[in-house]
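Work through the exercises below with the sequence and the model at hand. Each task is followed by a solution in steps.

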Amino acid sequence: MIALHFGHQKRPLLGIYHPSIRNTGRRAVLIMNPGGWEYLRAYRSLRYLAERLQEAGCDVFRFDYRGTGDSWGNISDVTSLDDWMDDSALAVEELCGLASVNRVSLVGLRLGSILAAELARRLPRQIDRLVLWEPLSPAELRPPPRPGSPDQQAALALPDGVLEGLAAMRFGIPEDPRRRVLVAASEADAPSIEGTASASVSTISIRDSPKCWIEESDFGAGAVPVPMIASITRWVAP
Amino acid sequence: MTSSPQYRERPIQFGRQGSLLGIRTDPLQIPTGVPIVILGAGILPRMGPSRVSVHLARDLAAAGHPVLRFDISGIGDSAPGGGASLESMVLEDIRAAVDHMMEPMDSRGPVGREVVLVGYCSGADNAFYYAVGDPRVSGIVMFDPTIHETAGFRRRELRRRLLSWETWWNVVSGRSLLLRLRKIIAGGPVEPPPDYYGLLVSSAHDGDERALNLAGRGTHIMFVLSRGVHHYCNSPEQVRESLPRGFSDDRFTVVWAPHVDHVFSEVAHQEWFASTLKAWLPFDGFGADAERTRPGPDGESAGRPPRPSSLPNDTTPGASIFVP
């Protein structure tokens with residue numbers, strides 16, 4: 001594992017690179033984070049996913065959008081959805097350089113799945129596979145709560161500019177019959193997403209799969225959904 | 001290494017075979033403040049709840065302090081530990097972080113001789129537990145640490161309940177009996193094992209001994225208690241009560257902050273915490289010309305600048321500075 005800064009010198013983004021254990025036949029995978037408190041709760045699950053993908057022969061890159069995690073800036077510096085889309089595009093470029101590839105696969109969790117789908121639309125030639133893991137529905141997006149509100153933690157607490165961008169976005173799987181797409185969810189909450197019926201789209205539903213973005217008891221993090229991560233790894237790995 | 005107008009930040013891998021991941025934030029100029037190590041909370045990664053550690057580290061670095069926030073083994077992005085026990089693993093990790101901060105970032109800075117530990121929740125407990133074994137730790141800031149139950153806590157809690165109309169209504173209406181039965185049937189709340197969070201918690205007696213030891217050698221401690229502790233600590237006085245022999249009026253400061261929640265949800269509270277910490281930090285003049293010595297047997301250190309006589313006035317409603 002290698003921790004590094006990438007992007008613009010004055011606006012550095014933090015990335016964690018997990019180089020594949022194989023020398024040949026590798027696949028590059030970019031993991032795209034959920035937002036708000038879901039990011040912190042799902043952190044160890046996404047690390048677990050990265051390590052399983054690495055063991056399965058993938059070069060994996062995790063990164064923090066600006067204003068989140070250890071990347072540059074505050075959340076107030078994020079003025080539009082395009083800020084995070086630009087950061088994601090830089091991450092694709094960085095991973096291509098690190099892994100010496102031209103195309104990468106995207107695995108997005110929750111908000112990350114929405115951003116991944118949008119990124120695939122914007123960079124059609126560079127994205128070969130797409131995993132939408134528990135994608136957000138439009139109904140789950142709501143403005144940040146008032147300060148002191150009891151649901152402060154429960155909300156995604158996304159910046160207004162990002163919410164506006166998501167509101168204007170068409171939620172759905174980008175149309176491209178050449179690109180394989182996996183929609184993964186726990187059975188009870190299988191989302192209805194536009195484009196799921198396409199022949200190139202697979203779905204995984206694992207009953208009662210732990211929701212790693214929700215805090216388990218008062219431990220501060222969500223339970224690691226081991227079977228779900230194993231399924232995603234099998235689907236993505238070369 | 002990348003830079004910004006006020007600080008420079010870089011990821012580092014250090015410790016046992018480079019297994020620990022941290023983010024080092026340094027002043028752009030030669031450091032003038034004591035190095036600081038931030039210990040995370042529970043099983044959360046190094047950025048802390050609501051990114052409080054990120055903001056704090058950058059704020060402190062802009063004020064002249066080199067800062068390291070890092071992941072304990074097995075947490076965040078640090079590799080799993082190989083120690084014989086949880087205790088030895090955590091202590092080894094913290095020592096590695098302190099060792100790292102004793103080295104200058106580059107050829108400009110001085111070699112450090114002391115460090116301040118800042119810990120949240122279980123990170124605070126870990127800092128307190130570790131400090132006794134490392135004389136380089138000259139200060140500890142503990143946010144929402146374990147505060148042992150005292151007779152004073154029970155007395156205040158009883159008084160609160162007796163004065164609460166809700167308590168009497170529950171008794172008269174039979175609701176309290178119903179609640180008890182429901183709790184018995186449900187089997188009680190899920191209790192994590194004592195070491196679940198990487199928690200190194202001293203018993204009440206051991207904690208008192210540790211406090212006595214730390215105060216005796218001159219270590220300054222600031223307890224910051226948010227409303228997140230009110231279910232086990234209902235007064236700033238409880239800190240003194242829980243450390244009957246070890247509490248030091250000269251070295252220890254208790255800040256009672258009911259306006260702040262356990263996870264620093266509001267940016268204003270993070271800013272308040274940073275300001276409070278900077279005002280408390282007792283060490284200035286960390287530059288190459290400063291006279292630095294290890295604490296002597298009387299706890300004093302020759303050449304150390306005087307501690308600020310008071311913290312700034314806090315105008316945030318609901319906050320009080322309690323200096324016993």
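**Exercise 1.** What is the order of the strands in the open sheet of chain A, and is the pairing mixed or not?

Solution. The model is predicted: local features need pLDDT of at least 70, side-chain atom pairs count only at pLDDT 80 or more, and totals for chains, interfaces and linings use all residues. Residues are numbered from 1 along each chain as its sequence is written, chains are lettered from A and ligands numbered from 1 in the order in which they are written, and side-chain values use heavy atoms, with hydrogens and water left out.

Step 1. Strands (E, at least two residues) and helices (H or I, at least four) are DSSP runs numbered from the N terminus; two strands pair if DSSP finds at least two bridges between them.

Step 2. The 8 strands of the open sheet in chain A follow the order 1-2-4-3-5-6-7-8, and the pairing is mixed.

Step 3. Strand 1 (2–8) and strand 8 (201–206) of chain A are the edges, each pairing on one side only. From one strand to the next the twist averages 20°.

Step 4. Inside the sheet, strand 3 (27–32) and strand 4 (58–63) of chain A run parallel and are joined by 5 bridges. There I31(A) stands opposite R62(A).

**Exercise 2.** Place helix 2 and helix 5 of chain A relative to the sheet strands.

Solution. Step 1. Axes are lines fitted to C-alpha atoms, for helices over the stretch in contact (heavy atoms within 4.5 Å). Angles run from 0 to 180 degrees between N-to-C directions.

Step 2. Helix 2 (81–99) of chain A lies across several strands, including strand 1 and strand 4, and runs at about 145° to strand 4 of chain A.

Step 3. Helix 5 (226–236) of chain A also lies across several strands, among them strand 7 (180–186) and strand 8, at about 165° to strand 6 of chain A.

**Exercise 3.** How many salt bridges are there between chain B and chain A?

Solution. Step 1. A salt bridge is a side-chain nitrogen of Lys or Arg within 4 Å of a carboxyl oxygen of Asp or Glu. Over all chains the count is 30.

Step 2. Between chain B and chain A there are 3. In one salt bridge, D70(A) pairs with R46(B), with the closest N and O atoms 2.7 Å apart.

Step 3. Within chain A, D83(A) forms a salt bridge with R66(A), the closest N and O atoms being 3.4 Å apart. D83(A) is in helix 2, whereas R66(A) is in the loop between strand 4 and helix 2, 17 residues apart.
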